Amino acid sequence: MQIEALRAGDNFVYVLVDGGRAVVVDPGVAGPVVSYLDEGELTLDLILLTHYHGDHTGGCTMLRRTGCNVVGPAGGFVDLDRTVADGETMEFAGTAIEVLGVPGHTAHDVAYYLSEAKALFTGDLLFACGCGRLFSHDAEQMWTSLCRLRSLPDDTRVYGGHDYTLENLEFAAHLEPDNVAVRERLDCFRADPEDEIPTTLGEEKSTNPFLRCDTEAVAAAVNMSGHPAAEVFAAVRAMKDRW
Ligand SMILES: [Fe+2]
């Protein structure tokens, strides 16, 4: 299975391709997806939505004219063919797609995990070296969801919904100036920005401050040593909002 990242502004739209058939994740716009499908003479089987924000769903209306099914979590405003929840599975090209309920960015986010392909589509919950904003206003819930993703194997490739990578790396370097992995990652990114997507969970665990809120280094950086990790997470997220 091939996974292609299409850019739409700072959004990523992902296309999974196998044997002339395709699945699209979070088509915020239709145009680049239609062009890609046409060029590859691909049939679109399925659209997977991680959450209902318009920059992830805006292309659905046009794309579903192809006859594909649209799948996503409850709680949104998009016309779905199937509402999915944590623990459900689908299949594409003989590969299982597992639905992980990971609320926190909104109250209803899901991620899609393909364990055989070692691929994880995280929407706006987890980005390269960052995470989405806390529209749910529930830091504990979002921290729990991030920890759940963090528990997946290190070699899992992470396909996040946005490219805020440089800004995220600079924030991480500000927060953890002594973290050598962050510094090296920032240097690598500046040398070759295209090399950053997808990232891996192993790399995120060592560099993404939002996955490191239970470390003393990150807690100390927001003057919250000894506090519960969810409180540290809320403080780091609030600091990033003002960054
Ligand atoms: Fe979003």
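1. D86 pairs with R148 in this predicted model. Their closest N and O atoms are 2.7 Å apart, and the contact is a salt bridge. D86 sits in the loop between β6 (82-83) and β7 (89-92). R148 belongs to helix α4 (residues 139-150). The two are 62 residues apart, so the pair links distant parts of the chain.

2. How exposed are the two partners? D86 has 43% relative accessibility and counts as partly exposed. R148 is also partly exposed, at a relative accessible area of 32%. Both values fall between the 20% and 50% cut-offs, so neither residue is classed as buried or as exposed.

3. R7 makes a salt bridge with D163. Here the closest N and O atoms are 2.7 Å apart. R7 lies in strand β1 (residues 2-8), while D163 lies in the loop between β13 (157-160) and α5. The partners are 156 residues apart in sequence, so the contact ties together separate parts of the chain.

4. The R7–D163 partners are both partly exposed. R7 has a relative accessibility of 38%. D163 has a relative accessible area of 23%.

5. The bridge between R237 and D241 is a local one within helix α9. Its closest N and O atoms are 2.8 Å apart. The residues are four apart in the helix, so about one helical turn separates them. What is the burial class of each partner? R237 is buried, with a relative accessible area of 4%. That is under 20%, which is why R237 takes this class. D241 is partly exposed, at 33%.

6. One network deserves a look in the viewer. R64, D79 and D81 are joined into it by salt bridges that share partners. The overall count of salt bridges comes to 16.

7. Now the largest pocket. Its volume is about 230 Å³. How many residues line it? The lining has 17 residues. F127, C131, G132, R133 and Y164 lie nearest the pocket centre.

8. Which elements give two or more residues to this lining? They are β12 (130-131), α5 (165-175) and α9 (229-241). Helix α9 also holds the R237–D241 pair described above.

9. The lining of the largest pocket is mixed in class. Five of its residues are nonpolar, six are polar and six are charged.

Conventions
Residues are numbered from 1 along each chain as its sequence is written. This is a predicted model: local features need pLDDT of at least 70, side-chain atom pairs count only at pLDDT 80 or more; totals for chains, interfaces and linings use all residues. Side-chain values use heavy atoms; hydrogens and water are left out. On a 1 Å grid over the protein atoms alone, a cavity is a set of points where a 1.4 Å probe fits but cannot get out, and a pocket is an open set with protein on both sides within 12 Å along at least five of seven lines; lining residues have an atom within 4 Å of a point. Grid points are joined across faces, edges and corners, and a volume is the space filled by probe spheres set on the points. Ala, Val, Leu, Ile, Met, Phe, Trp, Tyr, Cys and Pro count as nonpolar, Asp, Glu, Lys and Arg as charged, and the others, Gly among them, as polar. A salt bridge is a side-chain nitrogen of Lys or Arg within 4 Å of a carboxyl oxygen of Asp or Glu. Buried means under 20% relative accessible area, exposed over 50%, partly exposed in between (1.4 Å probe, protein chains only).
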